[in-house]
Amino acid sequence: MNTDDLQLKRATSSALLSLLNLTALPVIGFIGLLYVYSKTKPNTIDRYYAVVGIKTSLLAGIALLLVTLLVILLGGFESPLTWVYVTSYFVIVHASFILFATWTLTRSWTGEKLKRQILSK
Amino acid sequence: MKYESQGIAKMYFIAAIALFVGQILFGVTMGLQYVMGDFLFPEIPFNAARMVHTNLLIVWLLFGFMGSAYFLVPEEAERELYAPWLAKLMFWIFLVAGGLTILGYLLVPYARLAELTMNDLLPTMGREFLEQPTITKIGIVIVALAFVFNIGMTVLTGRKTVINLVLLTGLVGLAVFFLFSFYNPDNLVLDKYFWWFVVHLWVEGVWELIMASLLAYVLIKVTGVDREVIEKWLYIIIAMALISGLVGMGHHFFWIGAPAYWQWLGSVFSALEPIPFFMMTLFAFSVVNKRRRDHPNKAAVLWALGTAVMAFLGAGVWGFLHTLAPINYYTHGTQITAAHGHMAFYGAYVMVVLTMISYSMPLMRGKKAANVTAQKLEIRSFWMMTLSMVAITLLLTAAGTMQVYLQRYSAEPLPFMIVQDKLAIFYWLREVAGLIFLSGLFLYIYSFFAKGKEVEFIAEQAE
Ligand code: HEM
Ligand code: HEM
Ligand SMILES: [Fe+2]
């Protein structure tokens with residue numbers, strides 16, 4: 001896989017957009033990701049990070065919005081337990097996605113794929 | 001360890017860890033009192049235990065910061081400490097003053113302690129975190145000034161690095177903001193302003209500088225990444241911390257009788273406060289990613305990464321959770337606050353001190369890193385303490401949500417104590433998590449004494 005500057009730039013934009021989609025710019029970040037994806041070719045680092053970003057966003061959408069919505073529907077709007085569950089769940093899962101996207105971002109800066117053990121063996 | 005005087009840090013760290021144990025013992029005592037109201041009553045009433053718990057926290061963190069500075073500054077400045085004897089003298093003064101104060105809390109009723117220490121001459125007692133008798137406060141100022149003088153002279157007459165200067169700025173700020181604790185106006189609104197100026201200009205201001213510089217130092221050492229790169233990060237983090245934190249403190253002025261514009265100022269600026277904590281996470285991740293070497297002290301690397309992550313969670317995420325005025329209107333002073341307070345203090349300041357200890361203790365004991373067994377145990381204790389703190393935070397968040405709902409949100413709000421009864425299950429589980437935390441702490445201490453195979457050096461000049 002060869003990587004030129006433009007690809008590297010797109011890779012880091014993808015990672016950044018994925019992070020923004022989770023934080024300050026939901027949906028807009030996702031649209032940006034789709035746009036970056038459309039410019040990439042298979043088997044390149046920018047395509048790799050665009051896909052990682054899109055997957056993260058979709059997964060986060062399901063885990064955060066869909067699950068939360070289901071819990072509220074099943075648990076009932078008027079039950080305190082619903083809110084006990086929703087707040088604790090939403091905060092910790094949302095934060096985990098943000099941390100993952102942050103890690104992805106720092107990985108994309110190096111132009112390598114995600115895999116590398118955080119702690120050395 | 002390059003300079004002999006760095007070794008002074010050791011006594012500070014040992015004292016810090018001993019007081020940490022005391023803090024947690026009182027924490028689990030209170031945790032039990034939450035569900036068994038008369039546990040240890042009247043010997044240790046809740047209010048006294050609470051003072052001891054929070055004051056010990058602050059005092060041992062100060063020991064930890066001082067020890068860290070004594071270790072870090074000579075090396076960065078490339079000279080011995082300006083006055084090692086002063087550092088040793090101040091250690092004993094601080095330890096004795098701290099010990100006497102804690103005994104005072106436990107042995108005499110608080111009002112009597114105020115009388116005995118002649119609080120009426122210059123009344124400063126009776127406010128959370130600042131409960132110390134006035135003479136103790138004066139003692140703290142003397143110790144802090146001597147400390148800042150010692151560190152300052154070392155920095156100014158030695159090599160000046162960005163890390164040293166940022167740390168010094170943070171430490172000067174720490175000493176200066178403590179002076180607000182001597183101002184105790186009768187007007188309660190004014191009093192509250194100045195109260196928040198002490199502890200929260202610390203934790204959301206100058207302590208962030210201390211934390212960032214300690215973290216930067218350890219990361220340079222364990223990753224071998226260029227100093228220039230790390231310095232750039234430091235500048236941005238410091239700028240963001242000060243820009244957001246100073247006005248962001250307005251999130252404490254929402255309901256104290258201050259003008260209503262604070263609801264806007266406080267909400268908007270404090271919403272930016274997670275940024276410096278987030279930057280620290282980004283910074284730590286990226287330098288570990290770019291590391292040039294694999295340092296034999298894996299435990300220290302883990303603590304450094306853990307600090308960055310947990311500070312972001314505790315201060316950034318759990319702070320943001322309740323910082324906007326319309327939300328804080330409901331959550332103010334509930335268990336949500338306690339959840340945030342615990343994770344933020346642990347994640348940022350407890351962990352950064354433990355990071356420094358983890359990195360420097362082996363060096364002060366003449367090794368580059370602790371032996372394999374010791375590191376394994378230390379890493380296990382890291383997970384025990386950190387995960388049980390996550391559990392405590394989540395349980396208190398759950399309790400807090402229930403509390404807000406039943407006591408403040410529902411159509412027929414219930415009285416405080418009735419609601420507390422309904423939260424008992426969360427408090428029991430919190431107590432269990434607290435006991436695991438305590439066991440983790442004991443394991444941590446044990447790890448310093450564990451014998452085992454020495455680590456092999458893959459890296460040539462790791463230090
Ligand atoms: C490491 C840094 C921090 C530490 C150690 C910390 C600690 C604490 C503690 C102990 C309290 C309880 C104060 C009391 O009522 O006595 C508190 C309150 C609060 N903190 Fe933090 N905090 C930190 C950072 C932040 C940040 C970054 C934010 C916002 C994004 C924040 C938002 C708040 C708010 C809104 C309250 C008031 C809660 C209430 O109304 O009851 N904190 N913090
Ligand atoms: C390093 C670990 C810990 C830190 C940094 C810490 C910090 C704090 C802080 C800052 C407060 C004041 C909170 C506020 O004003 O909102 C506090 C109160 C308290 N802590 Fe801890 N704590 C720790 C461990 C524990 C443990 C293990 C327990 C027990 C299970 C515990 C139980 C309590 C209780 C019951 C209170 C009083 C809450 C109240 O006033 O209602 N803490 N702690
Ligand atoms: Fe604050």
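**Iron sites in chain B and the contact with chain A**

His342(B) is partly exposed, with a relative accessible area of 28% (buried is under 20%, exposed over 50% and partly exposed in between, with a 1.4 Å probe and protein chains only). His53(B), by contrast, is buried, at a relative accessible area of 11%. The model is predicted, so local features need pLDDT of at least 70 and side-chain atom pairs pLDDT 80 or more, whereas totals for chains, interfaces and linings use all residues. Residues are numbered from 1 along each chain as its sequence is written, chains are lettered from A and ligands numbered from 1 in the order in which they are written, and side-chain values use heavy atoms, without hydrogens and water.

Both histidines serve the iron atom of ligand 2, which His53(B) and His342(B) coordinate through NE2 at 2.0 Å (donors are N, O and S atoms within 2.8 Å of the metal, or 3.2 Å for Na, K and Ca; water is not among the atoms, so sites may look incomplete). The arrangement is octahedral because the 6 donor atoms around this iron subtend angles of 86 to 178 degrees (for six donors, opposite ones must be over 155 degrees apart and all others between 65 and 115). His53(B) belongs to helix 2 (residues 46–77) of chain B and His342(B) to helix 13 (residues 335–364) of chain B, so the pair ties together parts 289 residues apart in sequence (helices are DSSP runs of H or I with at least four residues, strands runs of E with at least two, numbered from the N terminus).

Helix 13 of chain B also holds His340(B). The NE2 atom of His340(B) is the single protein donor to the iron atom of ligand 1, at 2.0 Å. The iron atom of ligand 1 and the iron ion (ligand 3) are separated by 3.9 Å.

Chain A has 4 helices and 0 strands. Its C-alpha atoms fill a box of roughly 55 × 40 × 20 Å along the principal axes. Of the 121 residues in chain A, 46% are buried. Among contacts in chain A with a separation of 6 or more, 61% are between residues 24 or more positions apart (contact means heavy atoms within 4.5 Å).

Chain A and chain B each give 28 residues to their contact. The area buried between chain A and chain B is about 2500 Å², with 77% from carbon and sulfur atoms (this is the accessible area, 1.4 Å probe, that two parts lose on being put together, summed over both). On the chain A side, helix 4 (residues 80–109) gives the most to the surface touching chain B, with 17 residues.

Methods:
Four donors count as tetrahedral if all angles lie between 85 and 135 degrees; four count as square planar and six as octahedral if opposite donors are over 155 degrees apart and all others between 65 and 115; anything else is irregular.
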